[in-house]
Amino acid sequence: LIGLSFMMVVVERLLGMGFFDPTQTARELVLGSPPGNVILFQHLFWFYSHPAVYVFILPGLGIISELLPVFARKPLFGYKWIALSSMAIALVGFLVWAHHMFVAGMENSLRVPFMFATLLVAVPTGVKFFSWVGTLWQGKLTFPTPMLFVLGAISVFLIGGLSGPPNGTVPTDMFLHDTYWIVGHFHATMFGGFVFPFFAALYYWFPKLTGRMYNERLGKVHFWLMVPGFWLQSLSQMRVGLLGMRRRIVDYDPALGIDTGQMLITIAGFIIAFSVLIMLYNLVTSARRGEIAVPNPWRSRSPEWQIPSPIPEHSYAQPIVVVGEPYDYGLPGSTYVKMSPAGASGASEIQNTQPA
């Protein structure tokens, strides 16, 4: 669809067929149809581009749901509802594109239906949050770096989620549209829904990819620099947006009082960048000289931990052992498969998931 809209732009500019430009009359003469409509391009663009955001978000939310039970040592609360909520987010995500266009001159009759559809997305998203909190409740929590980034992802995505409804309601969006509030909201949504889960996944599956452990201290330094730095950046962006700072504007009247906020945003950006450099140093050096990882360092029930690390060319030389439902951590009789140090021999043993 996005390719089609771009092709229509090319045809409009080369052949003068005004699909989007109401001032061009060639299309009217050739096809006998009315002049172009500039709003049509926005409809085509956002019908593709808003669901594309969920291409990033949904895998990240899946990573959170996958890792959280491992470090809480208890089942994923409401597992089926979390799965259904992902399907609901994907479906409703195709019905909300026009909330980007409340101030674009779209038909008034379309604003209210799209407003309600946008607010409806909060329902399955809320299901995930309550399920994650229920998983944490009374869990036997441990806090290695992957778990810290999972918790950081939840906190940052919560900022993005709470800042979203004001963008989805027509009266408030009239004020907030194209301000730095939108920039802060989008950063929080993407970082919380994709970037932080991506870092959690990197640390979690690093032993499986390399056969070595990362430096835990450097991993936690990365976390404690990046997450507070991002809170500062995103909340400062929202604040200067509320003060009237627009997007894509170079200079502002100092009387607006946004200079301090912009300085904080810049400092936070450098802190985030520095923390990522620490992560890169940690993973590169650990892949070369890190401590040899034990076969299943997280005591996970997932099948990928039943094979040697790093992963051999032929992953599963023998059938995997099914130890039960995927997220039944901490239940009576709950087990996981522990590879023997020999690894390649395929020898393994069943061990209880309860901590010693």
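A pocket, on a 1 Å grid over the protein atoms alone, is an open set of points with protein on both sides within 12 Å along at least five of seven lines. Lining residues have an atom within 4 Å of a point. A volume is the space filled by probe spheres set on the points, which are joined across faces, edges and corners.

This is a predicted model: local features need pLDDT of at least 70, side-chain atom pairs count only at pLDDT 80 or more, and totals for chains, interfaces and linings use all residues. Residues are numbered from 1 along each chain as its sequence is written, and side-chain values use heavy atoms, without hydrogens and water.

**Exercise 1. Describe the largest pocket and its lining.**

Step 1. Take the volume. The largest pocket holds about 1,200 Å³ of space.

Step 2. Find the centre. The lining has 43 residues, and His50, His99, Gly164, Asn167 and His185 are the closest to the centre.

Step 3. List the elements. Helices here are DSSP runs (H or I, at least four residues), numbered from the N terminus. Those giving two or more residues to the lining are α3 (38-72), α5, α6, α7 (145-162), α8 (165-168) and α10 (180-210). The largest share, seven residues, comes from α3.

Step 4. Sort by class. Ala, Val, Leu, Ile, Met, Phe, Trp, Tyr, Cys and Pro count as nonpolar, Asp, Glu, Lys and Arg as charged, and the others, Gly among them, as polar. The lining divides into 23 nonpolar, 16 polar and four charged residues.

**Exercise 2. Work out how α5 packs with α6.**

Step 1. Read the geometry. Axes are lines fitted to C-alpha atoms over the stretch in contact, and angles run from 0 to 180 degrees between N-to-C directions. Helix α5 (residues 108-120) and helix α6 (residues 122-136) pack at about 10 degrees, with axes 5 Å apart.

Step 2. Name the arrangement. So α5 is roughly parallel to α6 (angles under 35 degrees count as such).

Step 3. Find the contact (heavy atoms within 4.5 Å). Thr118, Leu119 and Leu120 in α5 meet Ala122, Val123 and Pro124 in α6. This contact has five nonpolar, one polar and no charged residues.

**Exercise 3. Is Thr118 buried or exposed?**

Step 1. Recall the cut-offs. Buried means under 20% relative accessible area, exposed over 50%, and partly exposed in between, with a 1.4 Å probe and protein chains only.

Step 2. Apply them. Thr118 has a relative accessible area of 14%, so Thr118 is buried.

Step 3. Add the partners. Not counting residues up to four places away in sequence, Thr118 touches Val96, His99 and Gly168.

How values were computed. Parallel < 35°, antiparallel > 145°, perpendicular 65-115°, else oblique. 1 Å grid on protein atoms, 1.4 Å probe; cavity = no way out; pocket = protein on both sides within 12 Å on 5 of 7 lines; lining within 4 Å.
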